[in-house]
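Biologist: Please put the model on the screen. I would like to go through it element by element.

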Amino acid sequence: ARNRLANAERALAISLPTVSLLLGAEGFSTAVALYLPDHPLHGGDWGTWGEHFADWLGQQEDLADFAYIQDCARLDWQCHLGSRAADSVVEFGSLDLLAQVDAYSLYLKFHPAVSVLSAAYPLYELWQAHHAEATVQESYWQQAQQKLALFEQKHVMVYRPQWRVLLAPLSVADFLFVESLLKGQSLGVALDTVADTDFSFEQWLA
């Protein structure tokens, strides 16, 4: 049992690194020990374990001071899935279809690592405050603290251009557009969702 707990803690520290840092070694160890009994590993791959940890964190009353930790866990998990996603290449030739096919009959297929999240917390800055180069982490933390006080909805995209998962903050319009496409809507429908904004498809595509 002790070995199983050690494996669980090690695996979750890899897949949820921001949460591990926020809780600290002792707090994180305690959280994993409480989570594991009701969420046992099914199969032999610890890398697939922890999908519901974010929801579980949101139910812990003693973490009220970490109101943003649940969304940080959600973001960590999306980054983890992105790192495990299959490789793919851009089919540049398919871009010719933009000039040949009606937008309502066109669908954009993203790299498997791409996902978007929305939260009432500055997820991008919080994530960078823990994972960016050490020289700029403090700057990102200060930005996060300032934005936390505003309690405004923020949006972020997870993507993997090469081997490393990256994050990008999104405007409201960019988020709505990408979210629509990821949900399987056509390009025409996605453009309709941002018709009353300053969204530019040409700039986005570039």
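Biologist: Which residues of β1 are buried on one side, and which on the other?

Modeller: This is a predicted model, so the answer applies to the prediction. Strand β1 covers residues 115-119, and five of its five residues are buried. Both faces are covered: Val116 and Ser118 are buried on one side, and on the other side the buried residues are Ser115, Leu117 and Ala119.

Biologist: In which sense do β1 and β2 pair, parallel or antiparallel?

Modeller: β2 is the strand of residues 154-159, and five bridges join β1 to β2. Within this pair, valine 116 stands opposite methionine 157. The sense of the pairing is antiparallel.

Biologist: What does leucine 75 touch, leaving out residues up to four places away in sequence?

Modeller: Leucine 75 is one of the buried residues of α4. It is also among the residues with the most contacts inside the largest nonpolar core. The residues that leucine 75 touches are Leu117, Leu123, Trp127, Val156, Val158 and Leu167.

Biologist: Which element gives the most to the largest nonpolar core?

Modeller: That core has 43 residues, and those with the most contacts inside it include Val19, Trp49, Phe53 and Leu57. At least two residues each come from α1, α2, α3, α4, β1, α5, α6 and β2. With seven residues, the element that gives the most is α2.

Biologist: How many residues are in the other core?

Modeller: The other core lies apart from the largest one. Among its residues are Leu106, Leu187, Val194 and Phe199. Its number of residues is 15.

Biologist: Is tyrosine 35 buried or exposed?

Modeller: Tyrosine 35 is in helix α2, residues 17-35. Outside its neighbours up to four places away, tyrosine 35 touches Trp49, Gly50, Glu51, His52, Phe53 and Trp56. Because its relative accessibility is 1%, tyrosine 35 counts as buried.

Biologist: What separates the C-alpha atoms of tyrosine 35 and leucine 191?

Modeller: Along the chain, these two residues are 156 residues apart. In space, the separation of their C-alpha atoms is 42 Å.

Biologist: Why does glutamate 125 count as buried?

Modeller: Glutamate 125 lies in helix α5, residues 123-131. Leaving aside neighbours within four places in sequence, glutamate 125 is in contact with Tyr140, Gln143, Ala144 and Lys147. The cut-off for buried is under 20% relative accessible area. Glutamate 125 counts as buried because its relative accessibility is 7%.

Biologist: Within what arc do the buried residues of α6 fall, seen down its axis?

Modeller: The buried residues of α6 are Tyr140, Ala144 and Leu148. They line one face of the helix, because the arc within which they fall is 70°.

Biologist: Which exposed residues does α6 carry on the face turned away from its buried side?

Modeller: On its buried side, α6 packs against α5 through its buried residues. The face turned away from that side carries the exposed residues Thr135 and Gln146.

Biologist: How far does α6 reach from its first C-alpha to its last?

Modeller: Helix α6 takes in residues 134-148, which is 15 residues. At 1.5 Å a residue, 21 Å is expected. The reach in the model is close to that, at 21 Å.

Biologist: How far apart are the end C-alpha atoms of α4?

Modeller: Helix α4 has 16 residues, so at 1.5 Å a residue it should span 22 Å. The model agrees with that span, and the end C-alpha atoms are apart by 23 Å.

Biologist: Is proline 161 buried or exposed?

Modeller: Proline 161 is in the loop between β2 and β3. Its C-alpha atom is separated by 18 Å from that of serine 94, 67 residues apart along the chain. The cut-off for exposed is over 50%. Because its relative accessible area is 52%, proline 161 is exposed.

Biologist: What pattern does the protein follow along the sequence?

Modeller: The protein has nine helices and three strands. Read along the sequence, they follow the pattern α-α-α-α-β-α-α-β-β-α-α-α.

Biologist: What percentage of the contacts with a separation of 6 or more comes from residues 24 or more positions apart?

Modeller: The protein has 206 residues, and buried residues make up 40% of them. The C-alpha atoms fill a box of roughly 60 × 40 × 30 Å along the principal axes. Of the contacts with a separation of 6 or more, residues 24 or more positions apart account for 64%.

Technical notes:
Residues numbered from 1 in each chain as written. Predicted model: local features only at pLDDT ≥ 70, side-chain atom pairs only at ≥ 80, totals over all residues. Heavy atoms only, no water. Buried < 20%, exposed > 50% of the residue type's maximum accessible area, 1.4 Å probe, protein only. Helix = DSSP H or I, 4+ residues; strand = E, 2+ residues; numbered from the N terminus. Pairing = 2+ DSSP bridges. Contact = heavy atoms within 4.5 Å. Expected span 1.5 Å × (residues − 1). Arc of directions from axis to C-beta. Core = buried A, V, L, I, M, F, W, Y, C linked by side-chain atoms within 4.5 Å.
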